[in-house]
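Student: I've got a structure here and I'd like to talk it through. Can you take my questions one at a time?

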Amino acid sequence: PWESAGAIVLPGGMPGATNLMASERLKEELRKADEEGKVVAAICAAPIALHAAGVTRGRRVAGYPGCESLCEKPGLQFNGKMSERDGNLVTAKGPGAAFLFGFEVARAVGVDESVLQSVQNAMFVKPE
């Protein structure tokens, strides 16, 4: 069960993101994880599922441009950044942001910064 996990991470892509958005069980689990302060993350189109669960309200969110229009509830606005962290919420723009997203999720679950720096350097990934 996710309760023992450090994060719930949603993959992007279509129609997967709209399927995630439509899942009442997932929305309930996302709300519960967010309320408990667990890391909740989504990349590409998947932040629409976070919005459907109500966990994006008043928070900075990155995501694939144009997917906001797929939301049943108005109000989701992507900030244009490649990757964004707002508290326990981690989001990213799309496939090109996968490394930045992964590092931000790792940072959010408590991976030591020196470890992240070492891996970033070895992979030639520069943070935003």
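Student: Which backbone nitrogen does the side chain of T91 reach?

Tutor: Bear in mind that this is a predicted model. T91 is found in strand β4. Its contacts, leaving aside neighbours within four places in sequence, include R60, V61 and A62. Of the backbone nitrogens, the one that the T91 side chain reaches, at 2.8 Å, belongs to A62.

Student: Is T91 buried or exposed?

Tutor: Look at what T91 touches: besides that stretch, its contacts include A42, P47, L50, S83, E84 and F101. Buried means under 20% relative accessible area. T91 has a relative accessible area of 0%, so T91 is buried.

Student: What about the rest of β4: which residues sit on each side?

Tutor: In a regular strand, side chains alternate between the two faces of the sheet. Here both faces of β4 are covered, and the four residues in question are all buried. One side has L89 and T91, and the other has V90 and A92.

Student: How are the strands ordered in the sheet?

Tutor: It's an open sheet of 4 strands with mixed pairing. The edge strands, each pairing on one side only, are β1 (7-10) and β3 (83-86). From one strand to the next the twist averages 10°. The order is β1-β2-β4-β3.

Student: Which residues are the bridge partners of T91?

Tutor: Strands pair through backbone hydrogen bonds, either parallel or antiparallel. β4 pairs with β2 in the parallel sense over 4 bridges, and with β3 in the antiparallel sense, also over 4 bridges. On the β2 pairing, T91 is the partner of A42. On the β3 pairing, T91 is the partner of E84.

Student: Which residue in the turn between β3 and β4 has a positive phi?

Tutor: β3 and β4 form a hairpin, and there are 2 residues between them. Phi is about 65° for the turn residue you're after, and that residue is G87.

Student: C44 also has a positive phi. Is C44 buried or exposed?

Tutor: Right, C44 has a phi of about 65° although it is not a glycine. C44 lies in the loop between β2 and α3 (47-53). The cut-off for buried is under 20% relative accessible area. C44 comes in at 13% relative accessibility, so C44 counts as buried.

Student: And F124, is that residue buried or exposed?

Tutor: F124 is another residue other than glycine with a positive phi, near 60°. F124 sits in the segment after α5 (113-123). Exposed means over 50% relative accessible area. With a relative accessible area of 74%, F124 is exposed.

Student: Where is the peptide bond that is cis?

Tutor: Check the loop between β1 and α1 (16-22), where P15 is found. The bond leading into P15 has an omega near 5°. That cis peptide bond runs from M14 to P15.

Student: At what angle does helix α2 run to β1?

Tutor: α2 covers residues 24-35. This helix lies across β1 and β2 (39-43). Its angle to β1 is about 135°.

Student: Which helix gives the most to the lining of the largest pocket?

Tutor: That pocket holds about 150 Å³ of space. Its lining includes L100, F103, E104 and R107, along with K81, S83, E84 and R85. β3 and α4 (98-108) each supply at least two lining residues. With 4 residues, the element giving the most is α4.

Student: What covers the buried residues of α4?

Tutor: An α-helix has 3.6 residues a turn, so residues three or four places apart point the same way. In α4, the buried residues are L100, F101, F103, E104, V105, A106 and A108. Their cover includes β1, β2, β3, β4 and α5.

Student: Last one: how far apart are the C-alpha atoms of Q77 and G63?

Tutor: Q77 is found in the loop between α3 and β3, and at 64% relative accessibility Q77 counts as exposed. Q77 and G63 are 14 residues apart along the chain. Their C-alpha atoms are separated by 8.7 Å.

Methods:
Residues are numbered from 1 along each chain as its sequence is written. This is a predicted model: local features need pLDDT of at least 70, side-chain atom pairs count only at pLDDT 80 or more; totals for chains, interfaces and linings use all residues. Side-chain values use heavy atoms; hydrogens and water are left out. Two strands pair if DSSP finds at least two bridges between them. Axes are lines fitted to C-alpha atoms, for helices over the stretch in contact, and angles run from 0 to 180 degrees between N-to-C directions. Contact means heavy atoms within 4.5 Å. Buried means under 20% relative accessible area, exposed over 50%, partly exposed in between (1.4 Å probe, protein chains only). A polar contact is a pair of N or O atoms within 3.5 Å; within protein, one must be able to donate a hydrogen and the other to accept it, and residues adjacent in sequence count only if both atoms are side-chain atoms. On a 1 Å grid over the protein atoms alone, a cavity is a set of points where a 1.4 Å probe fits but cannot get out, and a pocket is an open set with protein on both sides within 12 Å along at least five of seven lines; lining residues have an atom within 4 Å of a point. Grid points are joined across faces, edges and corners, and a volume is the space filled by probe spheres set on the points.
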